[in-house]
Amino acid sequence: MIEFFVGLQPWQQALLGTLFTYFMTALGAALVFFFKEIKKEVLNYMLGFASGVMIAASFWSLLDPAIARAEENGDIAWLAVAIGFAFGGLFLYGADRLLPHIDSGRKSTKKGFPDYLKKTFLLVFSITLHNIPEGLAVGVAFGAVNQAADPKIAALAAISVTLGIGIQNFPEGAAVSIPMRQAGTSRTKAFFYGQASGFVEPIAGVLGALLVSAMTQILPYALAFAAGAMIYVVVEELIPEAQQSHKEHSHMAVFGVMTGFVIMMILDVALG
């Protein structure tokens, strides 16, 4: 099975990987057909778990390979990775400033957009924004497979990135659709908006794979860029949302982060 997968073109691998992450987003959004609400502590744990997965994947599946590749290219490894990581965070910061921002489908804060834009337009842009770096991360990881000394190990590492992002997409989809349902939106419409946040991932994934395949020298920077973007999403979105509670302080988000980190670390180290 792994031989067949390695034999595919990088963009095909990225497409399959990001279709899986989109499916997980849709699966999470589909919870709206079964629940009108999720207990806050459960949602906090899910968001914390997703954060832990992404933090671990950022290092073991992106930054560590980026350092190794930079050394192979004869670059100053720490400088190349630092530049890529910083630009990943700055890219998300700039996008966050220019594009609309929605917190869990509840609040709409327009940043840099005229007031006459419809709420639906704002919502679609905001929920897809956070999935761009995730799609790029998957695409970059698969774009590096054919350039690795051992394509099988590189493919397993890329698959681990895909699994990690897919896992964190599940609560992300639910975090969009269920609050919308609570606000009075129909189940079908809430599901549509929840799963719509995953539309951009296959596009970003294919573009990321094609870019890395065409320009091998930028691979360390691209991997670090994806890591920086993922960490920005964790710190700016997931962890603050997971810490929100209307009751007394809860440690469920912390337990979720620790669990997600440990599981993803084990997967990454065990897979190569």
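1. Three residues, Leu62, Phe142 and Met230, touch the most other members of the largest nonpolar core, which has 46 residues. The model is a predicted one. At least two residues of this core come from each of α1 (2-7), α3 (40-72), α4 (77-98), α6, α7 (151-182), α9 (200-214), α10 (219-243) and α11 (252-270). The helix that gives the most is α10, with 13 residues.

2. Apart from this core lies another, made of eight residues. Leu31, Val32, Ile178 and Ala190 are among them.

3. Phe142 also deserves a look on its own. Leaving aside neighbours within four places in sequence, Phe142 is in contact with Phe5, Pro10, Gln13, Ala14 and Gly17, and also with Ala155, Ala158, Ile159 and Thr162.

4. Helix α6 covers residues 132-143. From first C-alpha to last, the 12 residues of α6 reach 16 Å, close to the 16 Å expected at 1.5 Å a residue. The helix is mostly covered, with 11 of its 12 residues buried. Phe142 is one of the buried residues, which also include Pro133, Glu134, Leu136, Val138 and Val140.

5. The surface has a nonpolar patch of about 620 Å², made by Ile76, Trp78, Leu79, Ile83, Phe87 and Tyr221. Helix α4 gives the most to this patch, with four residues.

6. Is Leu79, a residue of helix α4, buried or partly exposed? Leu79 counts as partly exposed because its relative accessibility is 35%, and buried would require under 20%.

Terms used:
Residues are numbered from 1 along each chain as its sequence is written. This is a predicted model: local features need pLDDT of at least 70, side-chain atom pairs count only at pLDDT 80 or more; totals for chains, interfaces and linings use all residues. Side-chain values use heavy atoms; hydrogens and water are left out. The expected span of a helix is 1.5 Å times one less than its number of residues. Buried means under 20% relative accessible area, exposed over 50%, partly exposed in between (1.4 Å probe, protein chains only). A nonpolar core is a set of buried Ala, Val, Leu, Ile, Met, Phe, Trp, Tyr and Cys residues joined through side-chain atoms within 4.5 Å. Contact means heavy atoms within 4.5 Å. Patches are made of residues with over 30% relative accessible area and no salt bridge: like charges are joined within 9 Å, nonpolar side chains (Val, Leu, Ile, Met, Phe, Trp, Tyr) within 5 Å. Accessible areas come from the Shrake-Rupley method with a 1.4 Å probe; for residues, only the protein chains shown count as cover. A salt bridge is a side-chain nitrogen of Lys or Arg within 4 Å of a carboxyl oxygen of Asp or Glu.
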